[in-house]
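User: Please take a close look at one part of this model, the part that can be followed best through its pairings, and then set the other local details beside it. A plain description is enough.

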Amino acid sequence: MKKMKSFVQQGFKLDRHRAGGHGRRQGMLLVIVLVTIVILSLSVYTFTALMQTEEEASRLGTRQLQSKNLVDSGMDFVRLYLSNSEATIREKGGRWDNPTYFQAVPVAVANSDAALVGYFSVATSSLDEEGAPEGQRFGLIDESSKINLNTMPYAEATLALSGGNVRDLLMGMPEMTEEIADSILDWMDADDDSRDYGVESAYYEGLSPPYSAKNGPLDSMDELLLIYGVTPQLLFGLDTNRNGILDPAEMAGTNASSTDAEMYLGWANYLTLYSNESNLTAEGLPRINVNADDLEQLYDDLKSAFDDEWANFIIYYRCSSEEPTTEPPSETAVVQSAALLQPDFAVLESKRKLTSIVDLVTAYVDTSEWDELNLTSFAESPVKFSNVPFTMPRLMASLTTFEGATIPGRINIMQAPRVVLMGIPGLDESTVDQIISQRGTDFELDDPTGADMNRKYETWLFVEGVVDLATMKSLMSYVCTGGDVFGAEIIGYFADGVGTSRAEVVLDTTVGVPRIISWRNKSHLRSSFSIDALGTNIIE
């Protein structure tokens, strides 16, 4: 019995030991199962979050691509708009500020979800007379309202004839120095000779890393940052996202309070590489070049547009041995209409060329060498002071002294800010004030009814008494009343604000179909155009 009892007790102890070991194994398995469940749950959660992130990234990527297509649609829309006739563009509201055509234009419409409607807007800065930003407008930028850097080497030759310095064209800009102005010119001119205050390749080759001066035209505005003295703040001002508008975020934490308003957007606000204007008539035909070498062909061309008096006078102006004058001849001289003197091309020979069409105003030409009856005879210009307001538009519409189908680099006096106008040779501060005062706010230039045709041409400055005849003659190489190359800041976006793209486009309309001469993707720059400001109203 004792043995049996001992055996039972030992068995009981063994069972308890086995039972305790099994329980511990079960508890460990439970922990392992719980850890496995947690790991799997975290894995599923991570995978789900990753998939959601991938989905969001894919959606944003798709939106970004779609918004880029919206920008492309806007670009084609602007090209189509600019291909209209001038009269049609005026009827549609013009180019300057036209929200009807340039704000919130719907492209991709999702009928089931208004948030998925795609739009583009053509937005830019509205500038005051000084060139400082004063809000936003929906329209295009006339590149001729800026100084064309790439035409300055050509302007230098013209200025040299009158003793001027091309550097002065840049000196009107705020914070410009003679050193920087000359360095910009040295960068573009063809030689390696430094100007009075400039630097050439010898300076740049001493930098690390070294490089050479371009000695040619600029390819982009950013290239100016390679030039001695030009800094990002001088070039772009406080406009870090380069949207042409000074945003609150750009004002905060900057030295805006100590920066002149005219430098908020930097020099880029006043400079261009692309300005150009058509040298064709309203019908798209070449204007008559009064300096053409073939006098007989010139005469035939003149007769197709003018009567004998005008055609004859221009021919005799070109051929007179004596310099034409605006001073009336003596009382004993015979003054007659040029219509009475039929040109004889067997004896006529060109002696001079006109510097501008304004040379014809109130001019007298000595015709005694062809007039056998009078030793002192003069032909009087048909363009007299009394009828200048009526004859000047007709002359400007049909005649030119510029060769080629286009005229690059002249400045649009109807839109250029004060700092640009101040750099034009022959304009002082008082005259600039008068121009700004008299040009008003009609940036589309002429009255749609054609009530004042003089405003279509730069000679309105003379016709309206802003400048005298001599000053007008000197200005003709530098000013115009409108160019034919336009910049557009195009923003593609959706109503919910997700995914936005923008690009800066420059279009040349001097050709039959407007062509893109510059396209710059600016989507990488933070866009501060708010959806509320751009608009989301569907245009019917």
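Analyst: Buried means under 20% relative accessible area, exposed over 50%, and partly exposed in between (1.4 Å probe, protein chains only). Strands are DSSP runs of E with at least two residues and helices are runs of H or I with at least four, numbered from the N terminus. The model is predicted, so local features need pLDDT of at least 70 and side-chain atom pairs pLDDT 80 or more, while totals for chains, interfaces and linings use all residues. Numbering starts from 1 along each chain as its sequence is written, and side-chain values use heavy atoms, without hydrogens or water.

The part chosen is strand β16, residues 485–494, where ten of ten residues are buried. The cover is on both faces: Val485, Gly487, Glu489, Ile491 and Tyr493 are buried on one side, and Phe486, Ala488, Ile490, Gly492 and Phe494 are buried on the other.

β16 pairs with several strands, where pairing needs at least two DSSP bridges between two strands. With β17 (residues 501–508), β16 runs antiparallel and shares eight bridges. Ile491 of β16 has Arg502 as its bridge partner in β17. The two strands make a hairpin with six residues between them, and Gly497 in that turn has a positive phi of about 80°. β2 (residues 118–127) is also antiparallel to β16, over five bridges. There Ser121 has Ile491 as its bridge partner in β16, and this is the residue that is bridged to Arg502 of β17. The strand β4 (residues 141–142) adds two bridges to β16, again antiparallel, with Ile141 opposite Gly487.

Another set of strands forms an open sheet of three, in the order β9-β11-β10 and with mixed pairing. β9 (334–337) and β10 (364–366) are at the edges with a single partner strand each, so one side of each has no neighbour in the sheet. β9 runs parallel to β11 (residues 377–380), joined by four bridges, and Val334 is bridged to Ser377 in β11. Thr362 sits in the loop between β9 and β10. Thr362 has a positive phi of about 50° although it is not a glycine, and with a relative accessible area of 10% it is buried.

The loop between α7 (201–204) and α8 (232–236) holds Pro209, and the peptide bond from Ser208 to Pro209 is cis, with omega near 0°. Asn215 lies in this loop between α7 and α8 too. Phi of Asn215 is positive, near 50°, in a residue other than glycine; its relative accessibility is 24%, so it counts as partly exposed.

Two buried sites remain. Leu271, in strand β6 (residues 271–272), counts as buried because its relative accessibility is 3%. Counting contact as heavy atoms within 4.5 Å, Leu271 touches Lys146, Ile147, Leu149, Leu170, Met173, Met221 and Leu224, leaving aside residues up to four places away in sequence. The C-alpha atoms of Leu271 and Leu235 are separated by 9.5 Å, with their positions 36 residues apart along the chain. In helix α12 (residues 388–398), the buried residues are Val388, Thr391, Met392, Pro393, Leu395, Met396 and Ser398. Their cover includes β8 (288–289), α11 (308–319), β12 (399–400) and α15 (460–463).
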